[in-house]
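Student: Got a minute to go through the strands in this one with me?
Tutor: Sure, pull it up and we'll take it from there.
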Amino acid sequence: MGRLVVRMMESALIVVSAVCCSIADTASVSVVASIQITPAVASIEIGSTLQLSATPYDAKGKALSGTAISWSSSDPNTATVSAQGIVQGMMAGVAVVSASAAGMTETVSMTVTPQTGDPRPDASDLILIDSRTRLQQATTRGEAECAIRASPCTPNPALNTPGLDTAHFALSLNMDGNGTRALRVTWKKPATFGDCCGGGYQQPVIPGAPKEVYIQWKHRLGRTSTGGGIGALNSFAINNPLDPVGNAGRKVMLLLRDVPDMGGSGRIDYLYQGGTGVQVTLGFKGLNKGPFQPDQMVGQTIIQTIYAKAESSADSNDGVLRLWVNGQLVLDHIGDFDPWGIHRIQFPSTYRSPAQDQTEYLWDLIVWQPK
């Protein structure tokens, strides 16, 4: 007949003895009395990450090593937390992050605030396309087209006329009077309503078709005195109330995904919509509308950044689309964006029913995948 004796001290001492065998085995199991999370109060910006640490202690205040910690968030739409305690801000608000071990739980309040300033790639991020230096070194349209691609390419000899100034898409060697080089796009008022001037300037392939990506570029609307192009100086009209179907507007960029287009549902559109007033939309069929008014920023440098994150799985509703304009977050939406990666971009795309002859310039395109 055996006997079980249990004594509770600062740790639990369990002694099991078997009369028949005269064998005694002992084991000491530490009891978690408290957990300390560092930092105890935290605030992060949307899109940023923060490493939390959790240390369990016994009743004497001794740190316990080797104890498994599990992490959770009260609101993953506001802030997510990984198994390693890395918190990422998703949208403005407050979430409670919990660390648990051996039946004990401690929490920290995580305040997520809008991101200030334009997003920038960190040293650990993967740069997929970077035209900033290559475009400023270009002397021909062919070299400019190669500058916005991920991989080196041989410029098209047909496009190698220095300072080509007559094409719908061209290279401006002095966009602003300070020697800044930019991709120049001219839009000519069409004889009938509909798309002007064909399809996209280029469709740079994004290596690996990432499911999470930042796309940033600089943009100027309206012809400059040194940049070349057509139309009146510093004039750019997005709205065209004469369009009979109310479909006028500028397709700034299409984010084409690694699936068929499916009539538009297989891509993410970034539009300056006209027809019945100017609205900016990011998503499919006007899914997300924001307050940015590009027609009120004619003649200015506009830094635009798109952040796209696919759903983790079909119908998980955790996809993210964001738009920053000159450091201000103007669109922020979490929802159903499908679990497809971004395969390539159409940059710029096309124009529907421009109301006048006009010119715009684009430069400093950079695409990166956060780590």
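Tutor: We'll talk about one open sheet and then about strand 27, bearing in mind that this is a predicted model.
Student: OK, the open sheet: in what order do the four strands run?
Tutor: The order is 5-12-11-8, and the pairing is mixed.
Student: Which strands stand at the edges?
Tutor: Strand 5 (41–45) and strand 8 (70–73). Each has a single partner strand, so one side of each has no neighbour in the sheet.
Student: And how are neighbouring strands turned against each other on average?
Tutor: By 25°, with direction ignored.
Student: In what sense do strand 8 and strand 11 pair?
Tutor: Antiparallel, over four bridges, with strand 11 covering residues 93–101. Ser73, for instance, has Val97 in strand 11 as its bridge partner.
Student: Switching to strand 27. How many of its residues are buried?
Tutor: 11 of the 12, counting residues 358–369, so strand 27 is largely enclosed by the rest of the structure.
Student: What about its pairing with strand 13?
Tutor: Strand 13 (residues 126–130) pairs with strand 27 in the antiparallel sense through four bridges. There, Asp130 has Ile366 as its bridge partner.
Student: And over how many bridges do strand 15 and strand 17 pair with strand 27?
Tutor: Strand 15 (residues 182–187) pairs with strand 27 over five bridges, antiparallel, and Arg184 sits opposite Tyr361. For strand 17 (residues 212–221) there are seven bridges, also antiparallel, and Tyr214 faces Trp368 of strand 27.
Student: What holds paired strands like these together, in general?
Tutor: Strands of a sheet pair through backbone hydrogen bonds.

Technical notes. Residues are numbered from 1 along each chain as its sequence is written. This is a predicted model: local features need pLDDT of at least 70, side-chain atom pairs count only at pLDDT 80 or more; totals for chains, interfaces and linings use all residues. Side-chain values use heavy atoms; hydrogens and water are left out. Two strands pair if DSSP finds at least two bridges between them. Helices (H or I, at least four residues) and strands (E, at least two) are DSSP runs, numbered from the N terminus. Axes are lines fitted to C-alpha atoms, for helices over the stretch in contact, and angles run from 0 to 180 degrees between N-to-C directions. Buried means under 20% relative accessible area, exposed over 50%, partly exposed in between (1.4 Å probe, protein chains only).
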